[in-house]
Structure formats: structure tokens, C-alpha cells
Amino acid sequence: MAFLVIAFSSSISALNHKSKDFAGIPKGALSLLEIALGMFPTEHFEEIQKEVPVLIGCSVFIIIVIVFLLNLLVAQLNGAYRAIYDDMVGYARLNRGSTIVSTIAGVSAKRWDRFLATLQLDERLEFNEGDIGLAGGMQVLEPSNANPTTVDAIRRFGGSTSPTMPWPEADELGNDEDDKFERLEKVILRATKKMGGDGGSKKRGGSSSMGQSGSGSGGGGSSGVSAGGGSEGEEE
């Protein structure tokens with residue numbers, strides 16, 4: 001802000017005007033500082049309106065200070081508050097965890113077993129309705145629009161569910177979307193090849209039938225000539 005006050009006071013004092021509030025850099029800087037803090041007398045604004053260059057400079061200064069710098073200050077305060085809030089939540093969870101650990105030491109075994117039975121950790125949890133998952137957890141429901149996502153975070157693969165079987169590597173799982181597009185591309189290529197093959201076979205079949213009909217008509221003409229020759233021989 002100090003840089004803007006000095007810069008605008010220097011530029012306004014270099015202009016051709018008769019305003020006493022901006023006669024020189026010190027008076028201009030003091031007047032701009034009072035405008036920014038809302039301490040500038042309202043009667044002096046009438047004098048500023050008479051000087052167009054001073055009015056334009058003051059208007060640009062007010063826009064930059066009130067709009068840009070104020071929003072920048074709000075953004076900085078918001079970022080600082082978010083960082084402090086995250087630290088506050090983390091320290092609160094650590095304190096709660098230490099309190100729970102110190103309390104569990106005084107809980108009897110029977111009471112602990114009853115508490116574990118109420119959690120029902122042996123029952124399998126549902127990822128979605130009808131999608132049965134693993135056991136050993138606690139299900140917390142939330143609205144469907146709370147954390148929207150377009151990628152399924154659960155990775156499924158076929159095979160044995162034995163704990164002794166190794167987990168598949170990430171490279172072996174592949175990308176299902178790429179596989180779908182590859183399969184679709186192969187299906188389209190096969191369909192185009194079949195369509196091209198059927199058209200070629202139809203064309204070949206039509207040309208062969210036309211050739212057979214042409215040969216048949218030629219054969220009929222030769223037989224007629226031979227028959228006529230034979231008849232002429234008989235008459236002689």
C-alpha cells in the first residue's frame with residue numbers, strides 16, 4: 001500500500017492541476033492515505049471533482065486499494081485461518097487419542113469384550129447397496145453428493161481370495177477404460193472388414209453370373225448354326 005501511495009502521489013503531483021491537497025508528493029501521499037483509511041474530508045472531494053486529472057488518478061487509486069488490496073487481505077486471512085484450523089483439528093485429535101489411551105487402561109476385560117461385540121466387526125460391510133465388502137470396519141454413511149467422484153476407488157480383480165495368494169501387481173491390473181476402447185475398436189474393425197468382404201463377394205458373384213449367362217447365349221447361337229448346316233446337308 002505504501003508503494004501505491006507514493007507512486008500515485010508522485011504521478012498526481014506531476015500533473016497540471018490547482019488542487020492544494022495534491023500540491024507536492026508529501027501532501028499527495030497524506031491525502032491518498034486519508035482516502036484509503038476513510039479519513040479524507042468530504043468537502044475536499046468537491047474540489048477534486050473540478051480537477052479531471054486528479055479525479056481520474058484518485059479514482060484509479062481507490063479502485064486498486066479497495067478492490068484489489070482488500071480482496072488480497074481477505075485471501076491472506078482466509079489462508080492463515082485454514083492453516084491454523086487444520087493444526088487445531090490435529091492437536092484436538094491427538095489430545096483425544098491420548099485421553100482414550102489413558103482411559104482404556106482402566107477398563108475391565110469383560111466390559112471391553114462387550115464393547116467389541118456391539119461394534120459387530122465380524123460382519124461384512126457394504127460399499128454400496130448389494131456390494132458386499134470386507135469385515136473388520138465401521139460403516140459411516142454420508143450423502144451421495146458430499147464427495148462426488150468419477151473414479152471408483154475400489155479395485156476389483158478375479159482370482160482366489162486365499163490369504164496365501166499374492167496380490168496382483170499394479171501393472172497387471174491394467175486400465176479398464178483403455179481395454180474397453182481397444183475392444184470397441186477391434187469390434188468396429190471386424191465389422192468394417194465383414195461389410196467390405198460381403199460387398200466384394202456380391203460383386204464377384206454378380207460378374208460370374210453375368211459371364212455364365214453370356215457363355216450360355218453364345219453356346220445357343222453355335223448350336224443353331226450347326227443345326228442349320230446339318231439341315232442344309234440333308235437337303236443336298
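**Chat about a predicted helical model**

Reader: What is methionine 1 in contact with, leaving aside its neighbours within four places in sequence?
Author: Methionine 1 is in contact with Leu33, Ala36, Val65 and Leu69, once neighbours within four places in sequence are left aside. Keep in mind that this is a predicted model.

Reader: Where does methionine 1 lie?
Author: Methionine 1 sits in the segment before α1.

Reader: And how far is methionine 1 from isoleucine 64 in space?
Author: The two are 9.7 Å apart, C-alpha to C-alpha, with their positions 63 residues apart in sequence.

Reader: Is methionine 1 buried, exposed or partly exposed?
Author: Its relative accessible area is 43%, so methionine 1 is partly exposed.

Reader: OK, step back. How many helices and strands does the protein have?
Author: Seven helices and two strands. From the N terminus on, the order is α-α-α-α-α-β-β-α-α.

Reader: What share of the residues counts as buried?
Author: 10% of the 236 residues of the protein.

Reader: And what share of the contacts with a separation of 6 or more comes from residues 24 or more positions apart?
Author: Such residues account for 37% of those contacts.

Reader: Which residues in the largest nonpolar core touch the most other members?
Author: Phe22, Leu32, Cys58 and Phe61, out of 14 residues in that core. At least two residues of this core come from each of α1 (2–13), α2 (25–37) and α4 (52–104).

Reader: Take the cysteine. What is cysteine 58 in contact with, leaving aside neighbours within four places in sequence?
Author: Cysteine 58 contacts Ile12, Phe22, Leu32, Ile35 and Ile48 on that basis.

Reader: Now the helix packing. How do the axes of α2 and α4 cross?
Author: They come within 10 Å and cross at roughly 45°. That angle makes α2 oblique to α4. The crossing of α2 past α4 is right-handed.

Reader: Which residues in α2 and α4 meet?
Author: From α2, Leu32, Ile35 and Ala36; from α4, Cys58, Phe61, Ile62 and Val65. Leu32, Cys58 and Phe61 were also named among the core residues that touch the most other members.

Reader: What about α1 and α2, at what angle do the axes cross?
Author: Roughly 125°, and the axes come within 8 Å. That makes α1 oblique to α2.

Reader: Is the crossing of α1 and α2 right-handed or left-handed?
Author: It is right-handed.

Reader: Which residues of α1 meet α2?
Author: Val5, Phe8, Ser9, Ser10, Ile12 and Ser13 in α1, and they meet Ile25, Gly28, Ala29 and Leu32 in α2.

Reader: There's a serine in α2 too. Is serine 31 buried or exposed?
Author: Serine 31, which is in helix α2, has 6% relative accessibility and so counts as buried. Not counting residues up to four places away in sequence, serine 31 touches Asp21, Phe22 and Phe40.

Reader: And the loop between α1 and α2, where asparagine 16 is found? Is asparagine 16 buried or exposed?
Author: Asparagine 16 counts as exposed, because its relative accessibility is 74%. Its C-alpha atom is separated by 7.9 Å from that of proline 53, which is 37 residues apart from it along the chain.

Reader: Different topic: why does α5 lie largely in the open?
Author: Helix α5 covers residues 109–119, and the number buried among its 11 residues is zero, so the helix lies largely in the open.

Reader: What follows α5?
Author: Glutamine 120, in the loop between α5 and β1. Glutamine 120 has a positive phi of about 55° although it is not a glycine. It counts as partly exposed because its relative accessibility is 44%.

Reader: Then the strands. In which sense do β1 and β2 pair?
Author: β1 (residues 124–128) and β2 (residues 131–135) pair in the antiparallel sense, over three bridges.

Reader: Which residue stands opposite aspartate 131 in β2?
Author: Asparagine 128.

Reader: How many residues lie between the strands in the hairpin of β1 and β2?
Author: Two residues, and glycine 130 in that hairpin takes a positive phi near 85°.

Key
Residues are numbered from 1 along each chain as its sequence is written. This is a predicted model: local features need pLDDT of at least 70, side-chain atom pairs count only at pLDDT 80 or more; totals for chains, interfaces and linings use all residues. Side-chain values use heavy atoms; hydrogens and water are left out. A nonpolar core is a set of buried Ala, Val, Leu, Ile, Met, Phe, Trp, Tyr and Cys residues joined through side-chain atoms within 4.5 Å. Buried means under 20% relative accessible area, exposed over 50%, partly exposed in between (1.4 Å probe, protein chains only). Helices (H or I, at least four residues) and strands (E, at least two) are DSSP runs, numbered from the N terminus. Contact means heavy atoms within 4.5 Å. Two strands pair if DSSP finds at least two bridges between them. Axes are lines fitted to C-alpha atoms, for helices over the stretch in contact, and angles run from 0 to 180 degrees between N-to-C directions. Angles under 35 degrees count as roughly parallel, over 145 as roughly antiparallel, 65 to 115 as roughly perpendicular and the rest as oblique. A crossing is left-handed if the near helix is turned anticlockwise from the far one by less than a right angle, and right-handed if clockwise.
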